[in-house]
Amino acid sequence: MHLPVLLEESLEYLKVEPGKTYLDATAGAGGHLSAIAKRAGESSTVIGLDRDINVIERLGGLADLPSNIRLFHSNFSDIKSVLADSGIGTISGGILADLGVSSMQIDNAERGFSFQQDGPLDMRMDTTSSLSAHTIVNEFSEKEIADIIFHYGEDRHARAIARAIVKSRPIDSTMQLASIVTKSLARFAGKNSKHNKNPATRTFQAIRMAVNEELLSLEKFLEDASSCLEPGARLVIITFHSLEDRMVKQFFRTKSLQCICPPRHPVCTCNTRASLQILTKKPIVASSQEIDFNSRARSAKLRAAEKLDDFNHNDHP
Ligand SMILES: C[S@@+](CC[C@H](N)C(=O)[O-])C[C@H]1O[C@@H](n2cnc3c(N)ncnc32)[C@H](O)[C@@H]1O
């Protein structure tokens, strides 16, 4: 079962109210999506996207799915096309993204996300895309693999892990990969286990992020989603990875700047206008009660911003 993270906080920051349109860019098990649809009521339309076709088919088959929900199989980086195709165009209420994978995807060994159950090296959220974990692990160069593990997994032993992976090829299953990574880290034992995590956690996360080009999708989504918001509508993002959180924080900051002229510039010449107002100076994190109940909430960070209107003129002194 997938428990929605920071659910009440998401609804509060989205300011869910009747008669407006909302979009959940990561429908998953439908926890946030159904809660938004129920709270907004029948006078609203709520769009649910997911790049995993299994997610969309499962949600579409639920007898109790609120009738004001419309589902689309799409990468959220294509949000503009989805809104154009749906005839909705712009969002008056808000857009939510709860990043990463769902417990349903991790628990299905066949999807290859888990290092605790044996399965094929897949890790594709969108099963129609061509790049899988098998290709990265078996065909990428040692340097490319080390860069992925270092950059996305933030593992300082990335080179040692990549060397062990390349030496052990061919590698076909998740447990085989997990065991190779664990053995390659044995000599660093104690130094790597800051949070007593399984040693393969960072490598699996890194390969998953590379397979699904997660940061690239997020970068495009943030830009396009904010341009689809009507004034007063909100953008709420829940991240589980420091690189994603940094990207959201930086994006909100840039879009909330009124002027980027040098400080001593007497007159504004940059013509920058803030398009977003940041609602969360610091990220919202889960309470200890929620973490006790749902360990996945431990690393969740929620950031929210509100779209400003077009008359928000530059007020450079
Ligand atoms: C953490 S789960 C969302 C759970 C959901 N909020 C709930 O309450 O059930 C993340 C979902 O986002 C989807 N996803 C991840 N990246 C995506 C992207 N770029 N475009 C669309 N869906 C994406 C995954 O397939 C997964 O189903």
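In this predicted model, a polar side-chain atom of Asn-75 lies 2.9 Å from a nitrogen atom of the ligand, and a polar side-chain atom of Asp-98 lies 2.7 Å from a nitrogen atom of the ligand. On its own the ligand has 600 Å² of accessible area, and the protein covers 99% of that area. The space that the ligand takes is the largest cavity of the structure, whereas the largest pocket, with a volume of about 1500 Å³, is described separately below.

**Ligand surroundings**

- The backbone also takes part in the polar surroundings of the ligand, since a polar backbone atom of Ala-29 is found 2.9 Å from an oxygen atom of the ligand.
- There are 26 residues around the ligand, and those that come nearest are His-32, Asp-50, Phe-76, Asp-98 and Gln-105; one of these, Asp-98, is the residue whose polar side-chain atom lies 2.7 Å from a ligand nitrogen atom.
- Sorted by class, the shell around the ligand consists of 12 polar, 9 nonpolar and 5 charged residues.

**The largest cavity**

- The structure holds 2 cavities of 30 Å³ or more, and the largest cavity, which is the space taken by the ligand, contains about 370 Å³.
- Its lining is made up of 29 residues, with Thr-26, Asp-50, Asp-98, Leu-99 and Gly-100 lying nearest the centre of the cavity; Asp-50 and Asp-98 also appear among the residues that come nearest to the ligand.
- At least two lining residues of the largest cavity come from each of helix H2 (31-40) and helix H11 (214-227), and H11 gives the most to this lining, with 3 residues.
- By class, the lining of the largest cavity divides into 12 polar, 11 nonpolar and 6 charged residues.

**The second largest cavity**

- About 30 Å³ of space lies in the second largest cavity, which is lined by Leu-14, Lys-15, Glu-17, Lys-20, Tyr-22, Ser-92, Gly-93, Gly-232, Ala-233 and Arg-234.
- The lining of the second largest cavity comprises 4 charged, 3 polar and 3 nonpolar residues.
- Lys-15, one of the residues in this lining, has a positive phi of about 50° although Lys-15 is not a glycine, and Lys-15 is placed in the loop between helix H1 (7-14) and strand E1 (21-24).

**The largest pocket**

- The largest pocket has a volume of about 1500 Å³ and is lined by 37 residues, among which Lys-197, Thr-201, Gln-205, Phe-240 and Ser-299 lie nearest the centre of the pocket.
- Two or more residues of this lining are given by each of helix H5 (103-107), helix H10 (201-211) and helix H12 (242-255), and H10 gives the most, with 6 residues.
- In terms of class, the lining of the largest pocket has 16 polar, 11 nonpolar and 10 charged residues.

**Backbone geometry**

- The peptide bond that runs from Arg-169 to Pro-170 is cis, with omega near 0°, and Pro-170 itself is found in the loop between helix H8 (158-168) and helix H9 (174-184).

Technical notes: Residues are numbered from 1 along each chain as its sequence is written. This is a predicted model: local features need pLDDT of at least 70, side-chain atom pairs count only at pLDDT 80 or more; totals for chains, interfaces and linings use all residues. Side-chain values use heavy atoms; hydrogens and water are left out. A residue is near a molecule or strand if one of its heavy atoms lies within 4 Å of it. A polar contact is a pair of N or O atoms within 3.5 Å; within protein, one must be able to donate a hydrogen and the other to accept it, and residues adjacent in sequence count only if both atoms are side-chain atoms. Accessible areas come from the Shrake-Rupley method with a 1.4 Å probe; for residues, only the protein chains shown count as cover. On a 1 Å grid over the protein atoms alone, a cavity is a set of points where a 1.4 Å probe fits but cannot get out, and a pocket is an open set with protein on both sides within 12 Å along at least five of seven lines; lining residues have an atom within 4 Å of a point. A molecule sits in a cavity or pocket if more than half of its atoms lie within 2 Å of its grid points. Ala, Val, Leu, Ile, Met, Phe, Trp, Tyr, Cys and Pro count as nonpolar, Asp, Glu, Lys and Arg as charged, and the others, Gly among them, as polar. Grid points are joined across faces, edges and corners, and a volume is the space filled by probe spheres set on the points. Helices (H or I, at least four residues) and strands (E, at least two) are DSSP runs, numbered from the N terminus.
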